[in-house]
Amino acid sequence: MRIDLHTHSTASDGTDTPAELVRNARAAGLDVVALTDHDSVRGHAEALEALPEGLTLVTGAELSCRIDGVGMHMLAYLFDPDEPEFARERELVRDDRVPRAQGMVTKLQQLGVPIEWSRVAAIAGDASLGRPHIAEALVELGVVETVSDAFTSEWLANDGRAYVDKHELDPFTAIRLVKAAGGVTVFAHPGAAKRGDTVPLTAIAELAAAGLDGIEVDHMDHDASDRARLRAFAAEYGLLVTGSSDYHGSRKTVRLGEYTTHPDVYGEITRRATGAFPVPGAGGRPRA
Ligand code: AMP
Ligand code: ZN
Ligand code: FE
Ligand code: FE
């Protein structure tokens, strides 16, 4: 069983549509894929509709959170998307991404970059708007060579000249909301130091005490020593350990299934979840 529990589609800052994503996941030899767009579940319906036979979809989202001034991402799986309190919070976070992106475009213009809001909006379409969409406009303008190259202190990194904060959830609130909606939480790439400050293990221990289910360990942003440290931490605090690609289509170089989660951990996630259930593919036929 090959299981990848963290991917993005055009519902946020990935480049595969949800239908393309599930087809590509099957073509990459995956048996299980989770669709975890930033602060959004809007890709789920299309992914379910297109789900190939042999692939199981885990519905999820990656929630933008902040603790003690440090941004972090919380993966949430198999929650009830219609639970009203959590649905409302997701919408608040998602909607705030628009004025925030407009603020970054304005800052870029003040820095002399001839970027147009209309172009960023066109690149994003109806996606949950993120820095990679702005970065793509910067690539088109020749300001940077790749999307990743825009994530520097010169441009869009957390300490970047054109960076603007977005509304983010307190992770204790996120854990409570996800649990109330029957879902399971996994702290995404907790050791991704090159993205900015990371959350100290003491704080992750507090999240564990508050009901955090697991941490993502095998991820492209973690080196061997990060993984060893995080695995030992997870063992000490009884946290599940996942691995996943964090695939973004052509906006990142990582491939679907490049990192995977052990079937026992996947089994435990599905046992804990009560808000939604993994859906086995029906071969892309429309569901009744
Ligand atoms: P935002 O959600 O708008 O704050 O943008 C953050 C997102 O940008 C992350 O979730 C990643 O998907 C992406 N990202 C962060 N750093 C990089 C990077 N170095 N290269 C490509 N994408 C990145
Ligand atoms: Zn992303
Ligand atoms: Fe993330
Ligand atoms: Fe992600």
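1. Start with strand E4: 7 of its 8 residues are buried, so the strand is mostly covered under the 20% cut-off for relative accessible area. Keep in mind that this is a predicted model. E4 spans residues 70–77, and much of what follows comes back to that strand.

2. On one side of the pairing, E3 and E4 run antiparallel over 8 bridges. Ala61 has Ala76 of E4 as its bridge partner. The hairpin these two strands form has 2 residues between the strands, and Asp68 takes a positive phi there, near 50 degrees. E4 is also joined to E5, again antiparallel, through 4 bridges. Here Tyr77 is matched with Val184 in E5.

3. Now the iron ion (ligand 3). Which residues coordinate the iron ion? Glu62 does so through OE, His73 through ND1 and His189 through NE2, at 2.0 to 2.2 Å. Along the chain these donors follow the spacing E-x10-H-x115-H. His73 sits in E4, while His189 is in the loop between strand E5 (184–187) and helix H7 (201–209), so this pair ties together parts that are 116 residues apart in sequence. Both histidines are covered: His73 is buried at 16% relative accessible area, and His189 is buried at 7%.

4. His189 deserves a second look for its backbone. This residue has a positive phi of about 25 degrees although it is not a glycine. As a rule, most residues other than glycine have a negative phi. If you are going through the backbone by eye, the loop between E5 and H7 is where to find His189.

5. The zinc ion (ligand 2) lies 5.6 Å from the iron ion (ligand 3). Its protein donors are Asp13, listed twice through OD, plus His38 and His248, each through NE2, and they lie 2.0 to 2.5 Å from the zinc ion. The spacing for the zinc ion reads D-x24-H-x209-H. The two histidines link distant parts of the chain, 210 residues apart: His38 is in the loop between strand E2 (32–35) and helix H2 (44–50), and His248 is in the loop between strand E7 (240–243) and helix H9 (263–272). His38 is buried with a relative accessible area of 8%, and His248 is buried with 4%.

6. Asp39 is another backbone point to check. Its phi is near 55 degrees, a positive value in a residue other than glycine. Asp39 belongs to the loop between E2 and H2, and at 1% relative accessible area Asp39 is buried.

7. On to the packing. How many residues does the largest nonpolar core have? It has 33, and Leu63, Met72, Phe187, Val199, Leu212 and Ile215 make the most contacts inside it. At least two residues each come from strand E3 (56–67), E4, helix H3 (84–110), helix H6 (171–180), H7, strand E6 (214–218) and helix H8 (224–237). H7 gives the most, with 5 residues. In soluble globular proteins, nonpolar side chains tend to be buried together.

8. Leu212 is a handy place to look into that core. Beyond its neighbours within four places in sequence, Leu212 is in contact with Met74, Ile175, Thr185, Val186, Phe187, Ile204, Leu207 and Leu239. Another core, of 21 residues, lies apart from the largest one; Ile123, Ile134, Leu138 and Val144 are among its members.

Conventions. Residues numbered from 1 in each chain as written. Chains lettered and ligands numbered in written order. Predicted model: local features only at pLDDT ≥ 70, side-chain atom pairs only at ≥ 80, totals over all residues. Heavy atoms only, no water. Donors = N, O, S within 2.8 Å, 3.2 Å for Na, K, Ca; no water. Buried < 20%, exposed > 50% of the residue type's maximum accessible area, 1.4 Å probe, protein only. Core = buried A, V, L, I, M, F, W, Y, C linked by side-chain atoms within 4.5 Å. Contact = heavy atoms within 4.5 Å. Pairing = 2+ DSSP bridges.
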